[in-house]
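Q: Could you walk me through one part of this structure up close? I'm new to this, so plain words would help.

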Amino acid sequence: MKVLVAVKRVIDYNVKVRVKADQSDVDLANVKMALNPFCEIAVEEAVRLKEQGVATEVVVVSVGSKACQEQLRTALALGADRALQVEAADGPDSLSVARILAKVAEAEKPDLILLGKQAIDSDNNQTGQMLAALLDRPQATFASEVKVEGGELLVTREVDGGLQTLKLTLPAIVTTDLRLNEPRYASLPNIMKAKKKPLDVKTAEELGVTVASQVKLLKVEPPADRKAGIRVSSIEELVDKLRNEAKVIA
Amino acid sequence: MAILVISEHDNAALKPSTLNTVKAASEIGGEIDLLIVGSGCSAVADSAAKVAGIRKVLVADNAAYDHEIAENVAALVIELAPGYSHLLAPATTNGKNFMPRVAALLDVGQISDIIKVESPDTFVRPIYAGNAIATVQSLDDTKVITVRTTAFDAVAEEGGSATVESLSQVKDLGLSRLISEDMAVSDRPELTAARVVISGGRGMASKENFELLEKVADKLGAAIGASRAAVDAGFVPNDMQVGQTGKIVAPELYIAVGISGAIQHLAGMKDSKVIVAINKDEDAPIFQVADYGLVADLFEAVPELEKSL
C-alpha cells in the first residue's frame, strides 16, 4: 500500500522563542529550524511499514515556502521515496493545509496518511482530524501503535486515563503520539542519496486551493513572568513556608 | 446567540472539565446548551440539568456513540450546529479528537486550547509550548473552540434547572470501531483536577521509587504526575505525563521531584499557583520557575517531607 506522510518545518524544539518587540509574532529570523518532532515519528512509522513489506511507497509532502524542501530532504534521507512541496506562504492555518493535503490525497490515492499529532509551533492539534473530515475517512489520533491486519488498520491510541484500540477501514488518517516509535538518524550516505530522490513542487493554486485564514492573529506577547522564588535549605523550612507563607497545605 | 458545550463524561456523571468549559461559555455570553453524547449515558442528564446556567441538556444516547467515536460524534454535532454561534469542548484527548473534525465539516477554522475570552470572537491561547501568548480573532460565523480547562474556574454543579431533551438522530458512519480499552486504575484525584500534584522525573531512577511520591501524595491528597523522561523510562504509564504533549495542570501546589524542567515540561505546569522543586542539580532550569527550591538528594528529602506532613 501507499503511505502519504505530511511534514512541517518548525522552530527547533530546543530553541527558546522570543516575541517580536512590535508584538506581531514570534521572531523566527536566524533561528534554527527543524522537522517537527511528531512528523519525524510519522516518517519513521511509514518507513518501518515499508521495511515490514506492508507499505510499497512512502511519499512525503510539506506545505510552505521553499525552505521546507530542507525538511523534505531530511524525510527522504530517513527513507521516504519521493517528496512534494506545495508552495505557499509560511504559516497557513490548519484548515488550508488540510484542504491542500486533501487535494494531494485525491491525486496520490494513498491507503494510509500519517501526520504528527501537533506541530510544536502553533500547538493546534487539528490538521489530521480536519483532513480526515474533508476526505470523509476514519481517523485515529494520538497513535502509540499501528498495525495493518487483513485490509484494516488496528491503532492503539493514547487517551486520558489509558489506552484505546480502534479498528479502522482503509484508507485512514493516523496522527502520531510520542511513544509510537523512536525515529532513526539519517546516515551520511542516505543524506547524499536523498539529494537524488525526486522532489516535485506545486502551488496551492495549481491544486485549486486558496490559502486564506479565517483566524486572524491580533498580537503575540511573552507569557507573564513568575516572580523570583527562594531557595530553602531544609525540608523543615520548606514545609513551614508552604504552611505559613503560601498557605497551600494544612 | 447560543452556545453548545459538548460535555465530557464517563456515562455516569459529568467530568469536572465540562464545568470549566461551561464557565468559558458563560464568559462569551449567551444561552448555553449542553450536549451529552454516549452510550448508556442517560444518568448523566439528571446531574447535567442541575449545572448552573444551562438552558437545555441534549442527550444522544446510542451504541453508535459508544466511547465517542470521532466520526459519529462529529456527524451529530454538525447537524446541531446551525442553531449555535459557538461550539465549545474541553481540550481533553476526546475534545481534541472530534472538534477539528467538526470544524472542517462546517468549513470553519478552529481555535484550540483557549485560556481567556476577550470578546465573543476574540480569544487568547498559548503557542510555542506556552512561550508566547497569542490573541486571535475568528472571522468565521460559527466559532469552534476547545478550552484549556485549567484556565477557567468550574461553574456550580447545583442550582440550575435545565430542560432535558433526547435526540433521536443516530449517526453511524461505520468507519471505525472500538476493539479494546486499557484504562489505568487509580484512587487518587484526577491529575488535571487535583488541588495538589507531585511529579517525578528521570531523577526518580526507577519505577519502585515512585512509591516515595505515592506516600507523600496520600498525605496531601495529591495526584501523581511525571515528566516525559519518567514515562519513556517506563517508570509510570503515559497518561501521567505532564507537559506540552501530555496533560496541562494548574494546581494550587505543584511539587517537581527530580525533574530538570525542560521547556516541554514547563508548558504543562507553569501556571500552578505555587511550584516547589526538589533537585540535586542547583543549575536545573526548574529552579527558575519554582517559588520554593530545595537543592537536595530526593531519596533523603522526599521521605523526610512525608514524615513532616
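A: Let's look at how two helices in one chain meet, and then check on two single residues. Keep in mind that this is a predicted model.

Start in chain B with helix H3 (residues 70-80) and helix H4 (residues 93-105), which pack with their axes 9 Å apart. The angle between them is about 45°, and H3(B) and H4(B) are therefore oblique to each other. As for handedness, the crossing of H3(B) and H4(B) is right-handed. So who does the touching? On the H3(B) side you'll find Ala70(B), Glu71(B), Val73(B), Ala74(B), Val77(B) and Ile78(B). Facing them from H4(B) are Asn97(B), Phe98(B), Arg101(B), Val102(B) and Leu105(B). Sort the residues of this contact by type and you get 8 nonpolar, 1 polar and 2 charged.

Staying in chain B, have a look at Thr149(B), which sits in the loop between strand E9 (143-147) and strand E10 (163-166). Its relative accessibility is 14%, and because buried means under 20%, Thr149(B) counts as buried. Setting aside residues up to four places away in sequence, Thr149(B) touches Ser17(B), Asn20(B), Thr21(B) and Pro90(B).

Now hop over to chain A, where Gln85(A) is part of strand E5 (residues 82-87). Gln85(A) has 0% relative accessibility, so it counts as buried too. Its side chain joins that of Glu87(A) through a polar contact of 3.0 Å. Beyond its neighbours within four places in sequence, Gln85(A) is in contact with a list of residues including Ser62(A), Lys66(A), Cys68(A), Leu72(A), Leu199(A) and Asp200(A).

Key. Residues are numbered from 1 along each chain as its sequence is written. Chains are lettered from A and ligands numbered from 1 in the order in which they are written. This is a predicted model: local features need pLDDT of at least 70, side-chain atom pairs count only at pLDDT 80 or more; totals for chains, interfaces and linings use all residues. Side-chain values use heavy atoms; hydrogens and water are left out. Axes are lines fitted to C-alpha atoms, for helices over the stretch in contact, and angles run from 0 to 180 degrees between N-to-C directions. Helices (H or I, at least four residues) and strands (E, at least two) are DSSP runs, numbered from the N terminus. Angles under 35 degrees count as roughly parallel, over 145 as roughly antiparallel, 65 to 115 as roughly perpendicular and the rest as oblique. A crossing is left-handed if the near helix is turned anticlockwise from the far one by less than a right angle, and right-handed if clockwise. Contact means heavy atoms within 4.5 Å. Ala, Val, Leu, Ile, Met, Phe, Trp, Tyr, Cys and Pro count as nonpolar, Asp, Glu, Lys and Arg as charged, and the others, Gly among them, as polar. Buried means under 20% relative accessible area, exposed over 50%, partly exposed in between (1.4 Å probe, protein chains only). A polar contact is a pair of N or O atoms within 3.5 Å; within protein, one must be able to donate a hydrogen and the other to accept it, and residues adjacent in sequence count only if both atoms are side-chain atoms.
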